[in-house]
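Visitor: Could you take me through one part of this protein at close range? I would like to know what it packs against and how it is arranged.

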Amino acid sequence: MATRIGVEVSIAVADAVKLCNPDVIAAYPITPQTHIVEHLAELVANGELDAEYIPVESEHSAMSACLGSAATGARTFTATASQGLALMNEVVYVASAMRLPVIMAVANRSLSAPLSIWCDHSDMMSVRDTGWIQIITENGQQAVDNTIISFRVGEDPQVLLPVMVHLDGFNLTHVVEPIMIPDQAEVDKYLPKNRFPLPLNPDKPVAMGGFAAPAIFMETKWAQEVNIQNSKKVILQAWDEFNKIFGRKYEPIEKYQSDGAKTLILTVGSSGETASVAVDELKKEGMDVGQVRIRLWRPFPFEELREAVKGADVLIVMDRAISFGGPGGPIASEVKAALYNQAKKPNVVNYVISLGGRDTTVSDFKNIIKQGVGIAEKGSKNEYEIYGVRG
Amino acid sequence: MAKSENEMTWKDVEIGCIVTEPGGAKAYESGTWRSQRPTYNFNKCIKCGLCSLYCPEGCIDKNKDGYFEADLFYCKGCGVCARECWTKVITMVEEVE
Ligand code: SF4
Ligand code: SF4
């Protein structure tokens, strides 16, 4: 039986990893780490989890060890955040291009400088184009569920890609939430064994990580692109099957009170729950407003997004990162690109909020939605708006 | 290999570009990189084999007369052999089209 407990989200994610019975966990145990790998280390040390735990000397090595592990066909997990993710960046690209299904939890935190340990999405955006499947979660339950789902998706023979599960640092990783911890027998039923088709094996040698001359390099990259595009149908099946077994439904774009609404707010990550409360209150005050959230970030859900916002006049997009000197928030930039060629599309207004752990409250979201509608009507000379900066 | 790199389509690319058959390096003509080639005055050669130990391509072997000579299919023209040969057997000359 699944049990509902009050638990710190990081601990719950570690417990979800344990339910998936990983073979290897490689991690660098220093700030900005979370209790995810700390608890996994504890489980291995206590003999509760039969896995190799490799405490490496840096995040670059953590991902490198994960590549080697996944290449042998071992089920492989790591977790990181902000500077750690930045340090492993070089190897993050290699995992996807080599089609090695490493599963990684990313506790989203700001990149230095100035030094900060709090949440924003600058680290997430630094790995946007690395070729990993990326799922953005909004609460602890979603982080737990999607950790389990990621193993199934990444290791699927039709996919064979690494998967990142994003969960907001501190706002999720360090809070206690009520979470349904799935039952082991049900996870075993949901998650087949990892069967990497061409593992490193002395009896049947292969070579990995070779060189590609210009005559073949573009073909390898296009194969990689087609592969991640095609992964979407497997992700949808995996979510569907998860819903059947565990009764919780996930979709690439999730909607809240959005059908028929003329004004929509689009959120990513944990601030979405605060925004939902603002939407409820504004509806009570008579405003025609709804919400959409991006759950699947890569592969980007173009069709679902277009479908979800096509009836709206105004779409207010929240970002927790800045593309400096560029178009503002990376999420809004992609949303605008997805809508640009559509005959009917909402007016997109972009707000950058909550950098480096700054709180955005319910009343802030209500302000943003009201201001955003005004900007959509009157226009603005800014490429994007930044909320709450003094002066 | 079934198809050469120039004939392969993206659909022929193995998962993660994993190499499943041996011989990829053997089939690869690194000689196309060459802008200079080694030439030999074997009269001075003492058949010590030092050049073959230094060659980064490992493409120098004994010819039918027992002299050490580069296989131009692989020789990339780096000039290491010419620099290391102590009896100055080898002279690098420009490749001409
Ligand atoms: S190093 Fe010079 S002398 Fe020695 S084998 Fe090579 S060419 Fe001959
Ligand atoms: S030029 Fe370089 S590659 Fe060619 S035979 Fe000499 S050492 Fe080897």
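Guide: Here is a walk around one helix and its partner, with two further stops along the chain.

Please keep in mind that this is a predicted model. Let's start with helix H1 of chain A, which covers residues 9-19, and helix H2 of chain A, residues 35-45; their axes come within 8 Å and cross at roughly 50°. That angle is why H1(A) counts as oblique to H2(A). As for handedness, the crossing of H1(A) and H2(A) is right-handed. On the H1(A) side, the contact is made by Ser10(A), Ile11(A), Val13(A), Ala14(A), Asp15(A), Val17(A) and Lys18(A), and H2(A) answers with His35(A), Ile36(A), His39(A), Leu40(A) and Leu43(A). Sorted by class, this contact of H1(A) with H2(A) has 7 nonpolar, 3 polar and 2 charged residues.

Val13(A) and Val17(A) also turn up around Thr147(A), which touches them along with Ala16(A), Phe77(A), Ile103(A) and Val165(A), leaving aside residues up to four places away in sequence. Thr147(A) sits in helix H7 of chain A, residues 140-155. Its relative accessibility is 1%, so Thr147(A) counts as buried, the cut-off being under 20%.

For the other stop, turn to helix H13(A), residues 362-378: its 17 residues reach 24 Å from first C-alpha to last, close to the 24 Å expected. Among its buried residues are Phe365(A), Ile368(A), Ile369(A) and Val373(A). The cover over the buried residues of H13(A) includes helix H10 and strands S10, S11, S13, S14 and S15 of chain A. After H13(A) comes Gly379(A), with a positive phi near 85°.

Conventions. Residues are numbered from 1 along each chain as its sequence is written. Chains are lettered from A and ligands numbered from 1 in the order in which they are written. This is a predicted model: local features need pLDDT of at least 70, side-chain atom pairs count only at pLDDT 80 or more; totals for chains, interfaces and linings use all residues. Side-chain values use heavy atoms; hydrogens and water are left out. Helices (H or I, at least four residues) and strands (E, at least two) are DSSP runs, numbered from the N terminus. The expected span of a helix is 1.5 Å times one less than its number of residues. Buried means under 20% relative accessible area, exposed over 50%, partly exposed in between (1.4 Å probe, protein chains only). Contact means heavy atoms within 4.5 Å. Axes are lines fitted to C-alpha atoms, for helices over the stretch in contact, and angles run from 0 to 180 degrees between N-to-C directions. Angles under 35 degrees count as roughly parallel, over 145 as roughly antiparallel, 65 to 115 as roughly perpendicular and the rest as oblique. A crossing is left-handed if the near helix is turned anticlockwise from the far one by less than a right angle, and right-handed if clockwise. Ala, Val, Leu, Ile, Met, Phe, Trp, Tyr, Cys and Pro count as nonpolar, Asp, Glu, Lys and Arg as charged, and the others, Gly among them, as polar.
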